[in-house]
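User: I'm new to reading protein models and would like a close look at one part of this one. Could you walk me through the pocket and then its surroundings?

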Amino acid sequence: MASGRAWLLLLLLALGVVLLRAGQQPHFVEHTIATHLAGGYQVVVSDLNRDGKPDLIAVASGMSELVWFESPGWQRHVIASNFTQMINCVVLNSGTRPAIVLASGFSNEASKSAGNVWLLEPDGDAHGPWKVREIDRLPTSHRLRLADIDGTGNPVVINAPLTDARAMPPDYRSRTPLVYYRPGEWQRTLISDQNEGVMHGICVTDWGGDHRDQILTACFGGIHRYQLQTGGRWERTELAQGNPSPWPKCGTSDVAVGHLGGRRFLCSIEPWHGNQIAVYHEQKGEWVRQVIDDSFQDGHALVTADLNRDGRDEIVAGYRGRGGGLVYYAAEDDQGSRWKRYDINIGGITAASCAVADLNGDGKLDIVCIGSATANLVWYENPN
């Protein structure tokens with residue numbers, strides 16, 4: 001009898017811990033990795049020196065050097081120099097050594113944007129300097145991502161320019177190209193030019209669960225999904241129209257995919273550099289829009305992950321206006337009908353980009369974020 005009561009007490013204690021974890025304020029320990037990253041724009045997590053630990057690449061538009069920080073001490077190394085207006089990069093890890101594809105020469109105005117696309121390869125070990133060669137020029141080259149579009153295990157590099165080369169502010173009315181490069185060939189291949197206006201964000205996801213990536217785009221026309229079909233044809237599907245305001249305050253700025261248990265959801269920043277965080281749930285084949293926050297100013301960072309290990313993905317989002325901020329949204333039910341906001345850092349980082357990874361090998365997902373006006377790179381350690 002006593003043994004049964006003891007087991008019951010242990011069960012109740014475990015249940016209490018789970019309930020406490022589900023309802024507690026998320027807590028992150030802040031570590032500043034670097035400062036003086038002028039115009040910080042993107043942070044990329046990758047094991048550059050192949051030691052099994054995740055390193056960090058900082059892309060800063062106001063700097064001429066592309067730099068990385070070596071885990072676990074975060075020593076700073078220069079990959080290559082003499083760039084202008086760097087904007088995005090990806091790391092290829094398929095060979096014996098990593099390679100980086102970098103976009104620079106960026107401007108919101110296509111007539112002022114060279115749109116350089118570079119291939120960087122180590123000249124020896126990863127500590128640099130790396131060899132650099134130009135592989136393309138496409139005005140307003142903006143978002144670079146890797147995607148395994150055909151399920152071969154050999155990803156291509158997606159390049160999503162911000163606008164068409166002929167687009168003019170403030171309306172940017174034109175059709176914006178979406179292209180890719182196959183490593184080794186480095187020939188530009190058009191996916192589509194059907195998106196209209198500013199195309200600010202893309203998300204690569206295995207939408208169908210068939211080990212083939214599809215591409216979600218966020219533009220003035222809303223959220224669209226691109227899937228490679230047999231014969232090399234691309235199928236474009238509209239998922240949502242985004243913010244319903246008139247052009248050019250319409251559509252979406254960034255998009256990410258998350259899951260609540262087995263149920264998929266979309267989240268986005270709306271409109272371009274906007275004030276809204278929107279969540280979309282599929283109901284009878286339609287993606288229904290729910291605005292969960294409209295207080296942002298210059299929203300710019302967005303990622304999803306199960307940070308508290310409860311089986312539900314949280315939303316991490318950041319903005320660059322009003323001193324900047326990084327916040328966290330947790331669903332309060334499996335349907336995602338209610339979301340609770342928690343502030344991670346308000347006023348200390350003008351969040352331009354964030355990523356999620358286990359940076360210290362403790363099995364918990366951390367957040368790393370780069371600030372634009374604050375020019376800092378910050379690791380938010382997850383001790384929960």
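Which strands each supply at least two residues of the lining of the largest pocket?

Analyst: Happy to. Keep in mind that this is a predicted model. The strands you're after are β2 (40–46), β6 (88–92), β10 (143–147), β14 (199–205), β18 (254–260), β22 (299–305) and β26 (351–357), and each of them supplies at least two residues of the lining. The space in this largest pocket comes to about 960 Å³. There are 35 lining residues, and those closest to the pocket centre are R145, L302, V303, C354 and A355. Sort the lining by type and you get 23 nonpolar, 8 polar and 4 charged residues.

Let's pick one of those strands and follow it. β18 is mostly covered, with 6 of its 7 residues buried. Its neighbour β19 runs antiparallel to it, and 7 bridges join the two. If you want one bridge to find on screen, start at D254, whose partner in β19 is I269. The two strands make a hairpin with 2 residues between them, and G261 in that turn has a positive phi of about 65 degrees.

Now for phi in residues that aren't glycine. Most residues other than glycine have a negative phi, and most peptide bonds are trans. Two residues here go the other way on phi. R50 has a phi near 55 degrees and is found in the loop between β2 and β3 (55–60). T140 has a phi near 60 degrees, and its loop lies between β9 (130–137) and β10. So β2 and β10, which you met in the pocket lining, each border one of these loops. How covered are the two residues? R50 has 37% relative accessibility, so it counts as partly exposed. T140 has a relative accessible area of 0%, so it is buried.

The peptide bonds have their exceptions too. Walk along β19 (263–270) and you reach the loop between it and β20 (276–283), where P271 sits. A cis peptide bond joins E270 and P271, with omega at about -20 degrees. Another cis bond joins P169 and P170, and there omega is about 5 degrees. P170 lies in the loop between β11 (156–160) and β12.

β12 is a handy place to switch to the aromatic rings. A pair of aromatic rings is described by the distance of the centres and the angle of the planes. The structure holds 11 aromatic pairs. One of them is Y180 with W234, a tilted pair at 6.4 Å centre to centre with 55 degrees between the planes. This pair links distant parts of the chain: Y180 is in strand β12 (residues 175–181) and W234 is in strand β17 (residues 234–240), 54 residues apart. Are these two buried or exposed? Y180 counts as buried because its relative accessibility is 11%. W234 is buried as well, with a relative accessible area of 12%.

Ring pairs also link Y172, F220, W247 and W272 into a cluster. W247 has a charged partner too: the charged end of R173 sits over its ring, 4.2 Å from the centre. You can look for a similar arrangement at W207, where the charged end of R264 sits over the ring, 3.7 Å from its centre.

Definitions and conventions: Residues numbered from 1 in each chain as written. Predicted model: local features only at pLDDT ≥ 70, side-chain atom pairs only at ≥ 80, totals over all residues. Heavy atoms only, no water. Phe/Tyr/Trp six-rings, centres within 6.5 Å; stacked < 30°, edge-to-face > 60°. Helix = DSSP H or I, 4+ residues; strand = E, 2+ residues; numbered from the N terminus. Buried < 20%, exposed > 50% of the residue type's maximum accessible area, 1.4 Å probe, protein only. Lys NZ or Arg CZ within 6 Å of the ring centre and 35° of its normal. 1 Å grid on protein atoms, 1.4 Å probe; cavity = no way out; pocket = protein on both sides within 12 Å on 5 of 7 lines; lining within 4 Å. Points joined across faces, edges and corners; volume = space filled by probe spheres on them. Nonpolar A, V, L, I, M, F, W, Y, C, P; charged D, E, K, R; others polar. Pairing = 2+ DSSP bridges.
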